[in-house]
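Please explain how the bound ligand is held in this structure, and then describe how the strands of its open sheet are arranged. The account should suit a reader who has not met the structure before.

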Amino acid sequence: MLQVNQTINDLVANANADMRRFYGKDGTVVAAAPGRVNLIGEHIDYCDGFVLPLAIERYIVVSAKPNGTSEARLHSSDQPEAIVDLSAPQEISNLKWSNYIRGVVKGFNDLGHEVPGFDACIVSSVPSGGGLSSSAALECALATLFEGLLGIALDIREKALLAQKAEHEFAGVPCGIMDQFASAFGEVDQLIKIDCRTSEPEMLPFSNPDLSIIVANTCVSHDLSDGGYASRRKTTEDGIAIIGKESWREATIEDVFAQKTKMGDITFRRSRHVVSEIQRTMDAVTAFKTGDLSNIGQLMADSHSSLRDDFEVSCEELDFMVEIATALPGVLGARMTGGGFGGSTVTLCETKHAQEVGKTMHERYLAKTGITPVIFATRPAKGAHLIS
Ligand code: ADP
Ligand code: MG
């Protein structure tokens, strides 16, 4: 069965109920930012590649009220309250989730803005650690909140880059630009093709009601700061250095094979993934632009195999979820999505089959693994915005 997505209004009502409980008042400034799912183009946003994500109908909402001090106090679900001194230089703290706040505050300080003191409550329908970028949603929701508190509007790209920097410097994840760009630039019924070499987003209509996007969280969690992500990034830097070209965008599959011996097996396979995934993503963009989706299933399948065998960022549960989905009637294609090592898959299917596909994925995954997955459908959704 497909889980129903909570509306933004419901999330706002919950955030304000928390505000009354913890701080005795409703928020006066409310911001929302979505998670994202990537259709194709994985682990190549930090390789100058193309990616094709969309913002999802799952949001982090933050409701806040100025408190007249130089302190920020924030509650979020079961996390300990975060208290951040806004008048001091920001430093990494032991309370992990507060570092996203500190990183975004630092970004505003670097731009010359002093964030005024506030009390805030955060609610979320983006699973945390599920490969759907709850971290980028949190950063973008906070950045949008600070815009509201300061009465300013940053350029969207500037905001996304500020959020990415917070993730690098305060969460220890050297991510590319995809997650924060998707959360910041998202639009209803639009996919976001991002050229990660120029940091240029291009919107691609996705409005056919006969097509559905199903997201399945395996509920196997990953930790992207534990080294797997950073080591992949490092290996791709080694790969392009051996090829001797300035950018992966100029590298060909022949370049990769020509350097096979010098690279050694691991760097060779990581490099083969990068070059082939850039090509697959360009092919997928053409498919969505022309409306001829006859090859999309193969592109998604090849992307998954490449991530599993060459880039080695999949896991049994992701492989199993993709295998179940791919075999079902009405499914065009399925693959793992996001950083990997657990997290979620994305499935493109005919809308008339979506409920049945979701139900079967749920049943078979649970029967095989004993883990209850979270499966929902989404349309491309609106990016980070102020609600009030
Ligand atoms: P992903 O971005 O794929 O969900 P990450 O590991 O990058 O996974 O980010 C998850 C981390 O983000 C959590 O461990 C937590 O620190 C923070 N986070 C996410 N959602 C929330 C939330 N609603 N409240 C507080 N912190 C959150
Ligand atoms: Mg993240």
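The shell around ligand 1 consists, by class, of 6 nonpolar, 10 polar and 2 charged residues. These values come from a predicted model. Of the 18 residues around ligand 1, the ones that come nearest are Ser-76, Lys-96, Gly-129, Ser-134 and Ser-135. Helix 3, which spans residues 134-150, supplies the largest share of this shell, with 3 residues. The space that ligand 1 takes is the largest pocket.

Individual contacts can now be considered. Gly-129 offers a polar backbone atom that lies 2.8 Å from an oxygen atom of ligand 1. A polar backbone atom of Gly-131 is likewise placed 3.1 Å from an oxygen atom of the ligand. With Ser-135 it is the side chain that takes part: an N or O atom there is 3.0 Å from an oxygen atom of ligand 1. As for the surface of the ligand, ligand 1 taken alone exposes 560 Å², and the protein buries 90% of that area.

From the ligand, the description turns to the sheet. An open sheet is formed by 3 strands, arranged in the order 2-7-8 with antiparallel pairing. Strand 2 (50-51) and strand 8 (200-205) stand at the edges and have a single partner strand each, so one side of each is left without a neighbour in the sheet.

How many bridges join strand 7 to strand 8? Strand 7, residues 190-195, runs antiparallel to strand 8, and 6 bridges join the two. Two residue pairs illustrate the register of this pairing. Leu-191 has Leu-204 in strand 8 as its bridge partner, while Asp-195 is matched with Glu-200 in strand 8.

The connection between these two strands completes the picture. Strand 7 and strand 8 form a hairpin, with 4 residues between them. Within the turn, Ser-199 has a positive phi of about 55 degrees.

Notes:
Residues are numbered from 1 along each chain as its sequence is written. Chains are lettered from A and ligands numbered from 1 in the order in which they are written. This is a predicted model: local features need pLDDT of at least 70, side-chain atom pairs count only at pLDDT 80 or more; totals for chains, interfaces and linings use all residues. Side-chain values use heavy atoms; hydrogens and water are left out. A residue is near a molecule or strand if one of its heavy atoms lies within 4 Å of it. A polar contact is a pair of N or O atoms within 3.5 Å; within protein, one must be able to donate a hydrogen and the other to accept it, and residues adjacent in sequence count only if both atoms are side-chain atoms. Accessible areas come from the Shrake-Rupley method with a 1.4 Å probe; for residues, only the protein chains shown count as cover. On a 1 Å grid over the protein atoms alone, a cavity is a set of points where a 1.4 Å probe fits but cannot get out, and a pocket is an open set with protein on both sides within 12 Å along at least five of seven lines; lining residues have an atom within 4 Å of a point. A molecule sits in a cavity or pocket if more than half of its atoms lie within 2 Å of its grid points. Ala, Val, Leu, Ile, Met, Phe, Trp, Tyr, Cys and Pro count as nonpolar, Asp, Glu, Lys and Arg as charged, and the others, Gly among them, as polar. Two strands pair if DSSP finds at least two bridges between them.
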